[in-house]
Structure formats: C-alpha cells, structure tokens
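Please read the following report alongside the sequence and the model, turning to each part of the chain as it is named.

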Amino acid sequence: LKESGDAFPPQVSMTLAAENPRTFPDMGLADARHILFSDAASSNEKEEARKLLMQGIERDSMAPFYQALCERLGEAPNQALMTKMQDSNKEELTKLEARVEDAKENLGDTEVRDALVAKADYFLQIGDKDKCLEAFEVAYEKTVGAGGRLDNILTVIRGGVFFGDLSVVKKQIDRAEAELEKGGDWERRNKLRVYKGVYLMMVREFAGASKLFLESVATFTAVELLSFKQFVYYLVISCSLACDRKTLKTKVIDSSEVAQAIHETPHLKEYLTYFYTCKYDEFMPHFYHIITSVSKDRYLAKHVRFYARYMRLNVYRQFLAPYKSVTIAAMATAFGVSPQFIDEEVSSFISSGKLQCKIDKVGGTIQSETLDERNVMYREVIKQGDLVLNRIQKLSKVIDM
C-alpha cells in the first residue's frame, strides 16, 4: 500500500476518527477499505482510500488489520513497517497483561474488569477481530450491572459492523435487547436503536430501519458509529423508500433536526423535496447522483439495484395515483425521459405485478386499474384461510398415524 491520491468527491464521506474523541473501531477506515475494493469508485477515490488507510494503520500500529488488508489485495506487506507495528503491539499488550494480573492480585473486581476492557479495546484498535471478540467476551463475564454490560455489547456491535460480520452484529443486538429488559438508561437505549437501524439497513429491511431512525433523530448520540450528517443521509434514504407521504412531510421534511444536516450532503435535500413535491423532471438528475452515492456506500452498496428499482416504482406509483389514464408521452415529459424508456420501465413493473395498470399500445396510454381495498382484503383472507386449512389437514394426517 502506498500513499497517494486526490481528495474524495463530495458524495463520498470518509474521514478518520480524529475529528471526534477517539473511539474504536475507526469507522472512517472501514469506509476507506470499502472504497478501495468498490467497483463503483474511481481510481482517484481508491488512491485516496489507500492514503487514509495507511494513515490510520500507522497511527494505531494496526498490524493484524494491515496483514489482512494486504492478503485481500494480494500484495506483500511492507516488512519494515509490519515489524515496527508488531513490536509496538507486543509491547503494549505486555503492559496491558501486566495491568490485568496486577488487578487480579492487588485490586478489586472493578479494576479487573477495567483492565480486561482496556485489553479488549486495544485488540479492537489494532483490528484483530478474533482476539477482540474473545477478549470482550471475557470482560463481559466479569462485568456486573446492566450499564457496563450494555457498553461492552455496543462496542462489540461496532466491531461487528467494522469487520462486516452481520452474524456478530445480530447476536449482540439480541443480547443487548435482553439486557435492556433488566434495566438501562435512555442514552444506551437510543444508541441501540441507531445500531439496530444500521443493521436492518444492511440486511435490506428499510421499513424497520426507517422506523428506528425516526425514533432516534431527536436524541441522536451514536457519534461513535456514524456522524449526524451520515445519520440524516441514511434516514432520508430509508424513509423515502419505506414511508408514506404524510410521514415524510411531518417527520422528515418538517423536522428541524433533519434540516440542520440535510444540506451537508450534496443533492440530498433536492432529492427529498422534489420527490415529495412531485417535480419529477427536477427529481431525476438528483436521483442519479443519490444512486451514485448509494453505490459507493459501505452499508448500501450491495442493495443499490434493489433501492434504485423500488424508488423508481415509488415515483411511478405516485405519478399514476391521481390518473385513470395518462399518455406515455405525457409521463415521459413529466420525468424528462424518452417515451420508450417509460414504456419499458412501466411494462417491467406491470409484468412483475408491482404496478396495477395496463398499457394501451394503440392509444399510447397507461390505464390505471385501482383495486378496491375491500376486495383486496377479501382475497387475502381467502388465501390465508386456504393455507390454514391445508396445514390443518396435514396435521390431522400426522395425528391419525
């Protein structure tokens, strides 16, 4: 890895944790690592990612992280740098181990726990995933009280997010929710909402993520996981896909907290505003830029095709809702695209059952087929009833045997 490159374009946010009080892991490094391996990133962005990674690696002597990164890149590590960092790691771990032993022999349980947490934090700082998880588990067993246990769990969740291990994240979120039933202050509860929202976003559950983000926006304190600028970005991205117009207006567009940071991300305010106000020809250029940023985002990149498709579906549904019939040419003009593009787009959504309408090729129109809500509910009840009857029949055969 070499240090070189230009600054990131505005839509890519990657900064080292030095902007805030030091917390580990450094999520800026995880962002840089993602850009380095992203097909959507430019060569300049990748070079800047290398530069940021090397700055963080050398600053914190992250020998295990550096080794894993070089293996993934298929490059040989700088042996002089590796030796220097490994020596630094060994020296610091020797001090931390001595602190643990001294606490066990001469001090109380609280001091032992603090020493174990310090050791686990150091493994997290240098990017040693396996030893970090093992050390935090040892520290967790020595921790008494819901508050301390929750702090331990939240740190492990951040580690899981940093290393991209969703199984660790899910397990620790479940553990944290169990601990909260025993007690926990509002700040840790709010932090957990944000952590869980990020996890749900990573597994493509945008509806659940948007709900948790909306509950957290007024009391956001999880700056160790993401900045408020990033939080607002993810809130807008998830809510624009999953929320109805009333929720968008009252809880996002009119939110004073959102207004403080939405302008910090290029195109985000225009994207949300033009979507809500139905100015589709102005919405589409900003939509393109937002999708570009989503394609480079560490949490959202693997969902970019899904997100782009379903946001287009939301927009088309919103446009067609007031009309019984509309010409393809008129819809194309409204979106600033060609009639052929609209024809192909709408046809694909109709064939997949996502849009309830039909295209009259002769007349060049799109005709809405709005379903009666009671009929839809009736069909769903019949469908679910058939499933229940089938399961009862299968169960009765098993019992008879």
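Pro-25 is placed in the segment before α1 (27-36), and in this predicted model a cis peptide bond, with omega at about 0°, joins Phe-24 and Pro-25. Both residues also belong to the lining of the second largest cavity, which they share with Asp-26, Leu-29, Asp-60, Met-62, Leu-124, Gln-125 and Phe-162. That cavity has a volume of about 40 Å³, and the structure holds 2 cavities of 30 Å³ or more. By type, the residues of this lining divide into 6 nonpolar, 1 polar and 2 charged.

Two of the lining residues, Asp-26 and Asp-60, appear again in a network of salt bridges that links Asp-26, Arg-59 and Asp-60. Following these along the chain is Ser-61, which lies in the loop between α2 (43-60) and α3 (63-73). The phi angle of Ser-61 is near 50°, a positive value in a residue other than glycine. Is Ser-61 buried or exposed? Ser-61 counts as buried because its relative accessibility is 13%, and the cut-off for buried is under 20%.

Cys-278 offers another case of a positive phi in a residue other than glycine, with a value near 65°. Cys-278 is placed in the loop between α14 (268-276) and α15 (280-296), and at 32% relative accessibility Cys-278 counts as partly exposed.

Side chains of opposite charge can pair when their charged atoms come close. The structure holds 22 salt bridges, and the table gives some of them with the separation of nitrogen and oxygen.

| Salt bridge | N to O distance |
|---|---|
| Glu-91 and Lys-95 | 3.7 Å |
| Asp-114 and Arg-113 | 2.9 Å |
| Arg-149 and Glu-179 | 3.6 Å |

The setting of each pair can be described in turn. Glu-91 and Lys-95 both lie in helix α4 (residues 79-106), where they are 4 residues apart, about one turn of the helix. In the pair formed by Asp-114 and Arg-113, Asp-114 is partly exposed at 32% relative accessibility, and Arg-113 is also partly exposed, with a relative accessible area of 22%. The side chains of Arg-149 and Glu-179 meet in a salt bridge, and this pair links distant parts of the chain, with Arg-149 in helix α7 (residues 146-163) and Glu-179 in helix α8 (residues 166-180), 30 residues apart. Glu-179 is buried, with a relative accessible area of 4%.

Turning to the surface, Val-388, Leu-389 and Ile-392 form a nonpolar patch, and together they have about 270 Å² of accessible area. Leu-389, one of these residues, lies in helix α19 (residues 373-400).

Ala-321 is found in the loop between α16 (304-320) and β1 (325-327). Ala-321 counts as exposed because its relative accessible area is 61%, and the cut-off for exposed is over 50%. How far apart are the C-alpha atoms of Ala-321 and Thr-83? They are separated by 65 Å, and the two residues are 238 residues apart along the chain.

For the chain as a whole, there are 19 helices and 3 strands, and the C-alpha atoms fill a box of roughly 85 × 70 × 45 Å, taken along the principal axes. Of the 401 residues in the chain, 45% are buried.

Note on methods. Residues are numbered from 1 along each chain as its sequence is written. This is a predicted model: local features need pLDDT of at least 70, side-chain atom pairs count only at pLDDT 80 or more; totals for chains, interfaces and linings use all residues. Side-chain values use heavy atoms; hydrogens and water are left out. Patches are made of residues with over 30% relative accessible area and no salt bridge: like charges are joined within 9 Å, nonpolar side chains (Val, Leu, Ile, Met, Phe, Trp, Tyr) within 5 Å. Accessible areas come from the Shrake-Rupley method with a 1.4 Å probe; for residues, only the protein chains shown count as cover. A salt bridge is a side-chain nitrogen of Lys or Arg within 4 Å of a carboxyl oxygen of Asp or Glu. Helices (H or I, at least four residues) and strands (E, at least two) are DSSP runs, numbered from the N terminus. On a 1 Å grid over the protein atoms alone, a cavity is a set of points where a 1.4 Å probe fits but cannot get out, and a pocket is an open set with protein on both sides within 12 Å along at least five of seven lines; lining residues have an atom within 4 Å of a point. Grid points are joined across faces, edges and corners, and a volume is the space filled by probe spheres set on the points. Ala, Val, Leu, Ile, Met, Phe, Trp, Tyr, Cys and Pro count as nonpolar, Asp, Glu, Lys and Arg as charged, and the others, Gly among them, as polar. Buried means under 20% relative accessible area, exposed over 50%, partly exposed in between (1.4 Å probe, protein chains only).
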